[in-house]
Amino acid sequence: MAGGSFIIDGTRFALATNEGGNTLHGGVDGFERRLWEARPFREGTGVGLSLILESADGDQGFPGRLSIEVRYTLLAENTLDIRYQAVTTKATHVNLTHHGYFNLEGEGEGNVLDHLLMINADAFLPIDDALLPVGDLRSVTDTPFDFRQPISIGARIETDDRQLVQANGYDHNFVVTQGNEDSETLTLAAVLEAPRCGRVMKVYTTEPGIQLYSGNSLDGSLIGKSGNAYSRYAGVALETQHFPDSPHHPSFPSTLLKPGERYTSNTQYQFSTRADLGLAGVSERA
């Protein structure tokens, strides 16, 4: 959030800043740092965990008491289904996502530069020196951001392109083709494949955007569960979401949530092997 603030109905709300003068990941004490109430459940053939959080009015500067539930469900055929919903007592901005890192070769098994990636997007959001969207949508054609056909993440990451230099790699939001706003229809957003082992992950979402982050800032200081240090490019994040900094860009899909409304979002990560499921065309829908 540029400047660590936004305006709703003429009132300016100052947020907790943690990235220079800007707000990243919801502030200093973002939701990823909270203790959520966890409730296991079984639904049909799926099993999962419901996580519930109450965010107080004024939390990190955001107006409204926000009641959130995130349901993680492991479905048949190796699919992780994530469903978000939230309601508020005051008009506020909400944009929830999953910031997991993926390395389909396995935890701590080198970097993801040779992973093949397809992103179903004709446009991306260019950023400024603070890694914030400048406000326009730019065609991916003839740029290192064209992932409409599968190509390795590392194929063009060292290109002398100002956008890549600013972010030290990929840290950009892509506009999902046939993406949705306030929709329940899942659209194919991305396909990731590790060619050596043949593992494939398909990402479906109801969101209009997906953030590609290539782990540019990983520096070996984080140690994984097997004692492995996570170095640069050790994993890739594919974060389905509304566009970053949307309150400052009226042309972006709105992240405003009002009392009486319900925020909903759904993303699926579907896992398979190359023998079962190859890279799909961009027109495929769940």
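## Strands, core and one buried residue

Strand 9 (residues 121-124) and strand 10 are antiparallel partners, joined over two bridges. Strands here are DSSP runs of E, at least two residues, numbered from the N terminus, and two strands pair if DSSP finds at least two bridges between them. A123 has S139 of strand 10 as its bridge partner.

This is a predicted model, in which local features need pLDDT of at least 70 and side-chain atom pairs count only at pLDDT 80 or more, while totals for chains, interfaces and linings use all residues. Residues are numbered from 1 along each chain as its sequence is written, and side-chain values use heavy atoms, with hydrogens and water left out.

Five strands make up an open antiparallel sheet in the order 10-9-12-15-18. Strand 10 (138-139) and strand 18 (237-241) are at the edges with a single partner strand each, so one side of each has no neighbour in the sheet.

The largest nonpolar core (buried Ala, Val, Leu, Ile, Met, Phe, Trp, Tyr and Cys residues joined through side-chain atoms within 4.5 Å) has 39 residues, and F174 is among those with the most contacts inside it. Strand 13 (residues 187-194) gives the most to this core, four residues.

N266 lies in strand 20 (residues 263-273). N266 counts as buried (under 20% relative accessible area, 1.4 Å probe, protein chains only) because its relative accessibility is 6%. The table lists what its side chain reaches.

| Partner of the N266 side chain | Distance |
|---|---|
| D81, side chain (polar contact) | 3.2 Å |
| I82, backbone oxygen | 3.0 Å |

A polar contact is a pair of N or O atoms within 3.5 Å; within protein, one must be able to donate a hydrogen and the other to accept it, and residues adjacent in sequence count only if both atoms are side-chain atoms.

Note on methods: Buried < 20%, exposed > 50% of the residue type's maximum accessible area, 1.4 Å probe, protein only.
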